[in-house]
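I am opening my notebook for a friendly wander through this structure. Below is what I looked up, entry by entry.

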2 protein chains.
Amino acid sequence: MSVRAVLFDIDGTLVDSNFLHVDAWSKALQDVDRGVPSWRVQRAIGADSEKLLQLLLGDVPDEVKDRAKQLNSSNYAELIPRLDVLPGAREIVSELSTRGLRVVLATSAPPEELEALLEVLDLDEHLHAVTSADDVETAKPEPDIIETALQRAGVDAADAIMVGDAVWDVIAAKRAGVRTVCVLSGGTGRQELLDAGAIAVFDDTADLLEHLDEVLG
Amino acid sequence: MSVRAVLFDIDGTLVDSNFLHVDAWSKALQDVDRGVPSWRVQRAIGADSEKLLQLLLGDVPDEVKDRAKQLNSSNYAELIPRLDVLPGAREIVSELSTRGLRVVLATSAPPEELEALLEVLDLDEHLHAVTSADDVETAKPEPDIIETALQRAGVDAADAIMVGDAVWDVIAAKRAGVRTVCVLSGGTGRQELLDAGAIAVFDDTADLLEHLDEVLG
């Protein structure tokens, strides 16, 4: 096993944003009179917004979905000042880059969200590439974003690992043939991540950094 | 096994409030310059506020703790209009009361929060008793609130079950000799609840209601 590239999810993995996403979506769904219990919203975070709405609301008119998406975006925009980097996030990316591995951020966040996330991370010089919603038609759990990230890294699936925090990260990476190491910092429980197929689970990227040699092999 | 009383936690079990508590505490901790990753805040929710601050901040000056508690209370007060009852919550309490079981709400929420929770639940005629922060010196994971709830129910620990959503509910009930059935609606994962000692885990109280005969024996 020779890992040459590490693909990182951002939300909940490098930046503490998942609970802000839960809040923004929960409020948006309440405001279109389709309130959903928050724990179910939490479990849907990390999936494409179309998939998230399908999971949470089932078949509803497009007007309702569009309105919910708009409200979610404006709710989330208000929460952006509260974004913070997660422990170990900067350190692990800089360590991997120093070791000569290619770090690709594999997210399908829309451009305006991505800009805020990258500003919080402040890691530009260590990043080989960054994907965004503009790169693919469909986001996680479809494998497209992972395949794009692999292309940018210029490596085969077998030579990369994904680091993520959501069941959707694991599923998307698996479909692209990439193994996933997970962190608990997104709020998903250890067993749920192992059940999805994560090869290992750490508290956060600080914890992963301490076990990096074991993971990279 | 003859269950004569059912003790319910409210936050995250009957009312969808845990994620609002995460938001209120996270913001309060950021505002006293002691930001903590949200997933760790989530795992501390359900514990007494003193215990929660000890878990999240360790030893910090009393002024910092007091300020954080004040900010949390005012943040949460603003979120109260978003409180909603969880699926099955009203139905299960009314079913148990109709069957002649004593339902006691075993919470250590402060009086002003409790009032809002009871209003959202709208279940007064089905409740045998309700505890609050005023009844005990120390809240979960200490067993005091569970012991008070048992006294109000007038039954022995062996004749009651606890229904809760947090590891703290399970620990507090176990210390009082009461078995706990858990729900996932508070956001804690199934395995974490089983590891703490839950005798069974259901999605929410609607799911528990469907399996009530198995649980009551």
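**Entry 1: a helix pair in chain A**

At roughly what angle do the axes of helix α3 and helix α4 of chain A cross? I keep in mind that this is a predicted model. I found that the axes of α3 (residues 49–57) and α4 (residues 62–79) cross at roughly 120° and come within 11 Å. Angles from 65 to 115 degrees count as roughly perpendicular and those over 145 as roughly antiparallel, so α3(A) is oblique to α4(A). I noted the crossing of α3(A) and α4(A) as right-handed. Next I listed who touches whom: A:Ser49, A:Glu50 and A:Leu53 come from α3(A), while A:Lys65, A:Ala68 and A:Lys69 come from α4(A). Sorted by class, the residues of this contact are two nonpolar, one polar and three charged.

**Entry 2: a helix pair in chain B**

I then turned to helix α1 (residues 18–31) and helix α4 (residues 62–79) of chain B, whose axes come within 8 Å and cross at roughly 140°. That angle makes α1(B) oblique to α4(B). The handedness of the crossing of α1(B) and α4(B) is right-handed. On the α1(B) side I wrote down several contact residues, including B:Leu20, B:Trp25 and B:Leu29. On the α4(B) side, B:Leu71, B:Tyr76 and B:Leu79 are among them. The class tally for the contact of α1(B) with α4(B) is nine nonpolar, three polar and four charged residues.

**Entry 3: where the chains meet**

How many residues does each chain bring to the contact? I counted 27 residues from chain B and 27 residues from chain A. The size of an interface is often given as the accessible area lost when the parts come together. For chain B and chain A, I have about 2,200 Å² buried, with carbon and sulfur atoms giving 50% of that area. Three residues caught my eye: B:Phe19, B:Trp39 and B:Arg82 supply 31% of the area that chain B buries against chain A, more than any other three residues.

**Entry 4: salt bridges**

Side chains of opposite charge can pair when their charged atoms come close. I found 28 salt bridges over all chains, and six salt bridges cross the interface of chain B and chain A. B:Arg82 turned up again here: its side chain meets that of A:Asp23 in a salt bridge, at 3.2 Å from N to O.

Which residue does the side chain of A:Lys140 meet in a salt bridge? The partner is A:Asp169, at 2.8 Å from N to O. This pair links distant parts of the chain, 29 residues apart. A:Lys140 sits in the loop between β3 (129–130) and α7 (144–153) of chain A, and A:Asp169 belongs to helix α8 (residues 167–175) of chain A.

**Entry 5: backbone oddities**

Most residues other than glycine have a negative phi, and most peptide bonds are trans. With that in mind, I looked for exceptions. A:Lys140 is joined to A:Pro141 by a cis peptide bond, with omega about 15°. I placed A:Pro141 in the loop between β3 and α7 of chain A. In chain B, a cis peptide bond joins B:Lys140 and B:Pro141, and omega is about 15°. B:Pro141 lies in the loop between β3 (129–130) and α7 (144–153) of chain B.

Last on my list was A:Asp33, a residue other than glycine with a positive phi, near 60°. I located A:Asp33 in the loop between α1 (18–31) and α2 (38–44) of chain A.

Definitions and conventions. Residues are numbered from 1 along each chain as its sequence is written. Chains are lettered from A and ligands numbered from 1 in the order in which they are written. This is a predicted model: local features need pLDDT of at least 70, side-chain atom pairs count only at pLDDT 80 or more; totals for chains, interfaces and linings use all residues. Side-chain values use heavy atoms; hydrogens and water are left out. Axes are lines fitted to C-alpha atoms, for helices over the stretch in contact, and angles run from 0 to 180 degrees between N-to-C directions. Helices (H or I, at least four residues) and strands (E, at least two) are DSSP runs, numbered from the N terminus. Angles under 35 degrees count as roughly parallel, over 145 as roughly antiparallel, 65 to 115 as roughly perpendicular and the rest as oblique. A crossing is left-handed if the near helix is turned anticlockwise from the far one by less than a right angle, and right-handed if clockwise. Contact means heavy atoms within 4.5 Å. Ala, Val, Leu, Ile, Met, Phe, Trp, Tyr, Cys and Pro count as nonpolar, Asp, Glu, Lys and Arg as charged, and the others, Gly among them, as polar. Buried area is the accessible area (1.4 Å probe) that two parts lose on being put together, summed over both. A salt bridge is a side-chain nitrogen of Lys or Arg within 4 Å of a carboxyl oxygen of Asp or Glu.
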